[in-house]
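These are my notes on a few lookups in one model. I begin with the ligand and then turn to a pocket and the charged pairs.

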Amino acid sequence: MNHLRYRDDLETIQPNEERIAHEIVEHMGHTQLAAAGRHRHAHRDAHAKSHALLTGTLRVLDNLPDELAQGAFATAGEHEVVARLSSAPGDIRSDEVPAPRGFALKILGVEGERMPDHPDSTNQDLLMVNFPVLAFGTVARYQEMLGLLESQAERPAAVQRGVAATARAVEKGVERLGRTPSATLQGLARDYAHPLGETYHTQGALRYGDAVAKLSLAPVGAVAELTGRPIEPDFDSNADAIARHFRDAGADYELRVQLCTDLERMPIEDAAVLWDPALSPHRTVATLHLPPQDLSSPARRVHGDDHLSFSPFNGLAAHRPLGSIMRVRRLAYAQSSDLRHRLNAVAPAEPMSASDIPA
Ligand code: HEM
């Protein structure tokens, strides 16, 4: 299979991109400040609610073929990892309201030339959500969607659940007509499933050494049995369900790479276009093991919520994010993290080892 070779000129700046990106980030700053005022505590401007902060081990597989042995995955071996599981909204809501779930993975101690943004870090962050595409895949459409999301956020939980049910009905109707429902509808119609059984995706493209790729993280073993399974009704939150799982069980995942083989059908600039696995499969490059652990400690929760940050720009130059939706994130994550630390008067932390994470 011939993959696209990475070149520095693969990206295309979108019409009015600088202005739109600036407006998005300014707007996000206002909503984050308003939420901080309401809570008298600052949260992330997206993925505000954490469900768990976990530690574990990523094993990069031996004998990867050349096209997969790139960047952080060039050398076989083990890395400690830190993972923060979250819910996508920029405010704290009931977990019964369907919303995308996040899986932010920090691979500790990777070697290689770094992007300039986090010069003191030696880690590679990979931020993933449980859906393969971003409904609003360009900066222009992202800006339109921000307004829609906010009008949703103002509504009570029961109405938000109704929106999901309506989206599901419309989605079925569209399918009956023989058309594929839009990513927006699919995203809104998502059910309330156990986060440990979900498959998570970078949605946007990134450089993969000599290639261009999207990455995904898929459950294997016991957690694969949780796929599509609702949280038991007696668990009142995702955090409780996850903490209960890790009391006596671990969780295993495969980290997979989908190489771009056709820039027309697998575009970089529109993250709403699904890269069809029939064009290029998701291939495993590493396995992730999260052992049983105690998630009840307030110190650990506070460390994840208030001290740590994850960013697609914390990593190797060999994994530079690509496309307009990725470019806007550069400023968005820096601003959100700075504001959060400043308003809560806490120091940022970047782990060198899993032992830096409070037990
Ligand atoms: C391309 C698809 C995207 C994915 C897969 C993604 C995923 C994530 C995840 C998993 C987190 C939680 C990080 C953590 O636990 O600390 C996060 C946080 C965040 N996301 Fe995204 N995101 C995407 C696009 C965007 C875009 C387009 C923007 C804004 C323009 C954005 C803005 C943010 C912000 C501001 C945070 C909070 C950062 C902080 O305060 O530390 N994201 N994202």
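Which element gives the most residues to the shell around the ligand? I found that H7 gives the most, with 8 residues. I took helices (H or I, at least four residues) and strands (E, at least two) as DSSP runs, numbered from the N terminus.

On the basis of the entries: this is a predicted model, so I kept local features at pLDDT of at least 70 and side-chain atom pairs only at pLDDT 80 or more, while totals for chains, interfaces and linings use all residues. Residues are numbered from 1 along each chain as its sequence is written, and side-chain values use heavy atoms, with hydrogens and water left out.

**Entry: iron.** I looked up the donors of the iron atom in the ligand, counting N, O and S atoms within 2.8 Å of the metal (3.2 Å for Na, K and Ca); water is not among the atoms, so sites may look incomplete. The protein supplies a single donor, the OH of Tyr-333, 1.9 Å away. I placed Tyr-333 in helix H7, which covers residues 324-344.

**Entry: ligand shell.** I counted a residue as near if one of its heavy atoms lies within 4 Å of the ligand. There are 25 such residues, and Arg-44, Arg-84, Tyr-333, Ser-336 and Arg-340 come nearest. For polar contacts I used pairs of N or O atoms within 3.5 Å. Arg-44 has a polar side-chain atom 2.6 Å from a ligand oxygen, and Arg-84 also places one 2.6 Å from a ligand oxygen. With Arg-329 the partner is a ligand nitrogen, at 3.1 Å. Two or more residues of the shell come from each of helix H1 (17-39), strand S3 (101-107), strand S4 (124-129) and H7. By class I noted 14 nonpolar, 7 polar and 4 charged residues in the shell. Here Ala, Val, Leu, Ile, Met, Phe, Trp, Tyr, Cys and Pro count as nonpolar, Asp, Glu, Lys and Arg as charged, and the others, Gly among them, as polar.

**Entry: salt bridges.** I required a side-chain nitrogen of Lys or Arg within 4 Å of a carboxyl oxygen of Asp or Glu. The count came to 17 salt bridges. I looked up one of them, Arg-19 with Glu-23, where the closest N and O atoms are 3.1 Å apart. Both residues, Arg-19 and Glu-23, lie in helix H1, 4 residues apart, or about one turn of the helix.

Conventions. Polar contact = N/O pair within 3.5 Å; in protein donor to acceptor, adjacent residues only side chain to side chain.
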